[in-house]
Amino acid sequence: MRLLVLGTGVMAKNQLRHFAHMDGVEVVGAVDTDPDRLKLFADEFGIEKRFLTLNDAIAWGDFDAATNVTPDRIHHPTTMALIAAGKHVLCEKPLAENYPKALEMTEAAEAAGVVNMVNLTYRNVAPLQRAREMVLAGELGTIKHVEASYLQSWLVSRAWGDWRTESTWLWRLSTGHGSNGVLGDVGIHILDFAAYGAATDIDHVFARLKTFNKAPGGQIGEYLLDANDSFTMSVDFANGALGVIHATRWATGHLNELKLRIYGERGSLEVIHRPNGSQLRGCLGENIESATWRDIEVAPVPTNYQRFAKAVMSGVQPDPNFRHAANLQKVIDLAMITERERRELKV
Ligand SMILES: NC(=O)c1ccc[n+]([C@@H]2O[C@H](COP(=O)([O-])OP(=O)(O)OC[C@H]3O[C@@H](n4cnc5c(N)ncnc54)[C@H](O)[C@@H]3O)[C@@H](O)[C@H]2O)c1
C-alpha cells in the first residue's frame, strides 16, 4: 500500500510510529498547509514527496490510500476530495463536525467502493475486544447496566503541553475552529468504547454539557473558548440496558483514562485503559456471591492501522467504517440538542 499522510501534527506522528515499520506499507507522501511542520515531519520519517495542498498531492496521484490526520473540520472537504479521486481513506475521528456531513462522506465512500475506516483508536485495546467476545458469548447473561468514563486532565496540567499557548490544544476549545469540545473530541471514543464493549447500540440519549470559564473574556487570541469541557450522559441501549457515560478535560490526576463496567445477570466485567497499559477484570460464576473480581488474561489484537492496510491490500471493508462513525456522530448531535432542550431524544 502506497500511503499519503494528510496533516502532519501530533496524531500523525503517533500514526507513523505504526505505519512506518509495517510490512507492505510505504509512506510515499505528506501534505500540510504549514511548511515548517511539513518539513520537520517529512525529514523525521524520510518522506520524499511533500505538498502544501491536497490538490497538488491528488494531481501527482501516485498513492493508493491516505490517512487523514487534519483538524476535525478539515476531515469533510479533504476526505470528499480523496474519495472523488478514488483513494482509500483512514480518517481520524470524529468523522465530521456533524451527522449530515458524516453521512455525506459515508455515502460517497460507499458509492465509490473505496475502503473507508475511522480511527477509533481504542479498538486497539485488547481487553475491550475480549470483553465484547465474552458479552456476545453470553458469559454475562443479559446486560442490565453499563458505566463508561473518559477522563483527561490537560486543562489543569502541562503534561501534554500548554493549552493556553499551543494551537494544537486551542482549536479543540473553540467551536469557531471546528471543535465540538470534549463531546465531539473524545465523546466519540467513549460512546464507541461503551457500545462496542457491551455489544449493543445507543438508542436514547440525554446529556448535560458544560463550558467552564478559562481565560479573561473567555478568549485567547483568535480562539473563543466556547466548546464544552465536560459532559454527562444517560443512555438507553438497544439491548435494554441503561447506561451512564461521561467525559471531562478537568479530571485532575487522570492523564487519559477510559473505563467501562458492564453488569450482567450472571457476571460483570471492567475494562480500564491508561497510558501505561490496559486491564480486564471480571466477577463471574460462583464469584458473584462473594463479589470476588479476578484479572482475565487477554491475547493481543491487530491495530486499526494493521487492519486498514490489510483491508486496502485485500479489498475487504474493515470495521469501524464511516457508517458506524456517522451513527455515533448522530448520537453526539442529538446530545447537544438535549442540552438545549433538556429532554431525552431517540437516536
Ligand atoms: N484517534 C485518536 O486517538 C486521536 C488522538 C488525537 C487526535 N486525533 C484526531 O486527529 C486529528 C488531528 O489532531 P492533531 O492532534 O494531530 O492536531 P494538530 O493540530 O496537531 O495537527 C493537525 C495538522 O493538520 C494540518 N492541517 C490543517 N489544515 C490542513 C489542510 N487543509 N491540509 C493539510 N494539512 C492541514 C495542520 O497544519 C497541523 O499540522 C483530529 O481530528 C483529532 O481529533 C485522534
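In the predicted model, 15 residues of domain 1 are in contact with 15 residues of domain 2. The side of domain 1 that touches domain 2 comprises eight nonpolar, three polar and four charged residues. Each domain is assembled from two stretches of chain. Domain 1 takes in 2-121 and 309-315, and domain 2 takes in 122-301 and 327-346, according to the domain assignment. Their centres, taken over C-alpha atoms, are 26 Å apart.

UniProt offers a further boundary. An unreviewed entry there lists residues 129-270 as "domain: GFO/IDH/MocA-like oxidoreductase". Over residues 129-270, strand accounts for 36% of the chain and helix for 20%. The C-alpha atoms at the two ends of residues 129-270 are separated by 12 Å.

One open sheet has six strands, with parallel pairing. Its strand order is β3-β2-β1-β4-β5-β6. The edges are formed by β3 (49-51) and β6 (116-119), each of which pairs on one side only. From one strand to the next, the twist averages 20 degrees. Helix α1 packs on this sheet and touches β1 (2-6), β2 (26-31), β4 and β5. The direction of α1 makes about 165 degrees with that of β1. Helix α2 (residues 35-45) lies across β2 and β3. Relative to β2, α2 runs at about 170 degrees.

Within the six-stranded sheet, β4 (residues 65-68) and β5 (residues 88-92) run parallel and are joined by four bridges. One bridge pairs alanine 65 with histidine 88 in β5. The loop between β5 and α5 (99-112) contains proline 94. The peptide bond joining lysine 93 and proline 94 is cis, with omega at about -15 degrees.

The ligand is surrounded by 25 residues. The closest are Gly7, Gly9, Met11, Glu92 and Thr121. Helix α1 (residues 10-19) supplies three residues, the largest share of the shell. By class, the shell has nine nonpolar, nine polar and seven charged residues. Two of the elements already described recur here. Helix α1, a contributor to the shell, also packs on the six-stranded sheet. Strand β5 spans residues 88-92, and Glu92 is among the closest residues to the ligand.

A second open sheet has nine strands and mixed pairing. The order is β16-β15-β14-β13-β7-β12-β11-β8-β17. Here the edge strands are β16 and β17 (345-346), and each pairs on one side only. Helix α6 (residues 126-136) packs on the nine-stranded sheet. Its contacts are with β7 (143-152), β13, β14 and β15. The directions of α6 and β15 make an angle of about 25 degrees.

Two hairpins link successive strands of this sheet. Strands β13 (residues 256-264) and β14 (residues 267-274) pair in the antiparallel sense over six bridges. The hairpin from β13 to β14 passes through two residues. Leucine 258 has histidine 273 of β14 as its bridge partner. In turn, β14 and β15 (residues 277-284) pair in the antiparallel sense over eight bridges. The hairpin joining β14 to β15 also passes through two residues. Across this pair, leucine 269 stands opposite glycine 282 in β15.

Another antiparallel pair is formed by β8 (residues 202-210) and β11 (residues 230-237), joined by eight bridges. Leucine 209 stands opposite phenylalanine 231 in β11. In general, strands of a sheet pair through backbone hydrogen bonds, in either the parallel or the antiparallel sense.

Backbone geometry was then examined. Most residues other than glycine have a negative phi, and most peptide bonds are trans. Alanine 291 has a positive phi of about 50 degrees although it is not a glycine. Alanine 291 lies in the loop between α9 (287-290) and β16 (294-295). A cis peptide bond also runs from aspartate 319 to proline 320, with omega near 0 degrees. Proline 320 is located in the loop between α10 (304-314) and α11 (322-341).

Conventions:
Residues are numbered from 1 along each chain as its sequence is written. This is a predicted model: local features need pLDDT of at least 70, side-chain atom pairs count only at pLDDT 80 or more; totals for chains, interfaces and linings use all residues. A residue is near a molecule or strand if its C-beta atom, placed from the backbone, lies within 6 Å of it. Ala, Val, Leu, Ile, Met, Phe, Trp, Tyr, Cys and Pro count as nonpolar, Asp, Glu, Lys and Arg as charged, and the others, Gly among them, as polar. UniProt positions are given in the numbering used here, feature names are shortened, and annotations may be inferred rather than shown by experiment. Domain bounds come from an automatic or database domain assignment. Two residues are in contact if their C-beta atoms, placed from the backbone, lie within 7 Å. Two strands pair if DSSP finds at least two bridges between them. Axes are lines fitted to C-alpha atoms, for helices over the stretch in contact, and angles run from 0 to 180 degrees between N-to-C directions.
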